[in-house]
Amino acid sequence: MKTDRGFSLIELMIVLTVVGVLAAVAIPAYQDQTVRAQVAEGLSLAASAKSAVSEAFLSSGAWPSTNAAADLAPPGGLTSRYVCSVAITAVGGITVTFGGAANPAVHGRTLALTPAAGPNGNVAWLCGAATLASLAGFTLAAEASTPPDGGTLLRKHRPANCR
């Protein structure tokens, strides 16, 4: 009696098809995850700017309008592998611009953070779909009449609290 060993051609083709479908689904999901990791690096650079803006506001009562006013390095001085600048805007907002070795999906795009002053002298940061309704008693800077749009990053690439 002869026994067959191995797989038939049909069985191999079915396995390759299943692997191909799984790869077609997994690769784009993985790419989005790597882009989000690059955006997270931008947020970590913005953390020092958030502290500087908050401190400047608490000490002077006015939002700083430039990096120098917040005693922070110039926009081009706050860089990393994926971030080309971190700039403070006219209302104390922070704009993180992605560049360098960043994924083409985020290269040249921005993430904007807008400060809001609280009743107890604390500062909260809004980005994307965040609204003041979730922050009772907080007010945006006088020049910012609407909640921020969060910059030009696509919604799917933004951090969870900015979607």
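Which residue just after α1 takes a positive phi? Keep that question in mind while you look over the whole chain, which is a predicted model, and select the answer when the tour reaches the end of the helix.

**The whole protein**

Begin with everything shown as a cartoon, and you will find one helix and five strands, which run in the order α-β-β-β-β-β from the N terminus on. If you then switch on the surface, the accessible area of the protein comes to about 9,400 Å², and 61% of that area belongs to carbon and sulfur atoms. Of the 163 residues in the protein, 37% are buried. Among the contacts with a separation of 6 or more, 45% are accounted for by residues 24 or more positions apart.

**Along helix α1**

Next, select residues 9-60, which form helix α1. Its 52 residues should span 76 Å at 1.5 Å a residue, and because its end C-alpha atoms are 76 Å apart, the expected and modelled spans agree. Move along the helix to Ala46, where α1 bends by about 30°. Just after the helix, select Gly61, which answers the opening question: Gly61 takes a positive phi of about 85°.

**The buried residues of the helix**

Now select Val35, Gln38, Val39, Gly42, Leu45, Ala46 and Ala49, which are among the buried residues of α1, and add Ala52, Val53, Ser54, Ala56 and Phe57, which are buried as well. An α-helix has 3.6 residues a turn, so residues three or four places apart point the same way. To see what covers the buried residues of α1, show the strands β1 (83-88), β2 (94-98), β3 (110-117) and β4 (123-126), which are included in that cover.

**A nonpolar patch**

Select Leu9, Ile10, Met13, Ile14, Val18 and Leu22 next, and you will have a nonpolar surface patch of about 630 Å². One of these residues, Val18, is found in helix α1, and Val18 counts as partly exposed because its relative accessibility is 45%, a value between the 20% and 50% cut-offs.

**The salt bridge**

Finish with the one salt bridge that the structure holds. Side chains of opposite charge can pair when their charged atoms come close. Select Lys156 and Asp32, which form the salt bridge, with their closest N and O atoms 4.0 Å apart. This pair links distant parts of the chain, since Lys156 lies in the segment after β5 (139-140) and Asp32 lies in helix α1, 124 residues apart. Is Lys156 buried or partly exposed? With a relative accessible area of 45%, Lys156 is partly exposed.

Key
Residues numbered from 1 in each chain as written. Predicted model: local features only at pLDDT ≥ 70, side-chain atom pairs only at ≥ 80, totals over all residues. Heavy atoms only, no water. Helix = DSSP H or I, 4+ residues; strand = E, 2+ residues; numbered from the N terminus. Expected span 1.5 Å × (residues − 1). Bend = angle between axes of the 7 residues up to and from the residue. Buried < 20%, exposed > 50% of the residue type's maximum accessible area, 1.4 Å probe, protein only. Contact = heavy atoms within 4.5 Å. Patch = residues over 30% accessible without salt bridge, like charges linked within 9 Å, V, L, I, M, F, W, Y side chains within 5 Å. Areas by Shrake-Rupley, 256 points an atom, 1.4 Å probe, with all protein chains shown as cover. Salt bridge = Lys/Arg side-chain N within 4 Å of Asp/Glu carboxyl O.
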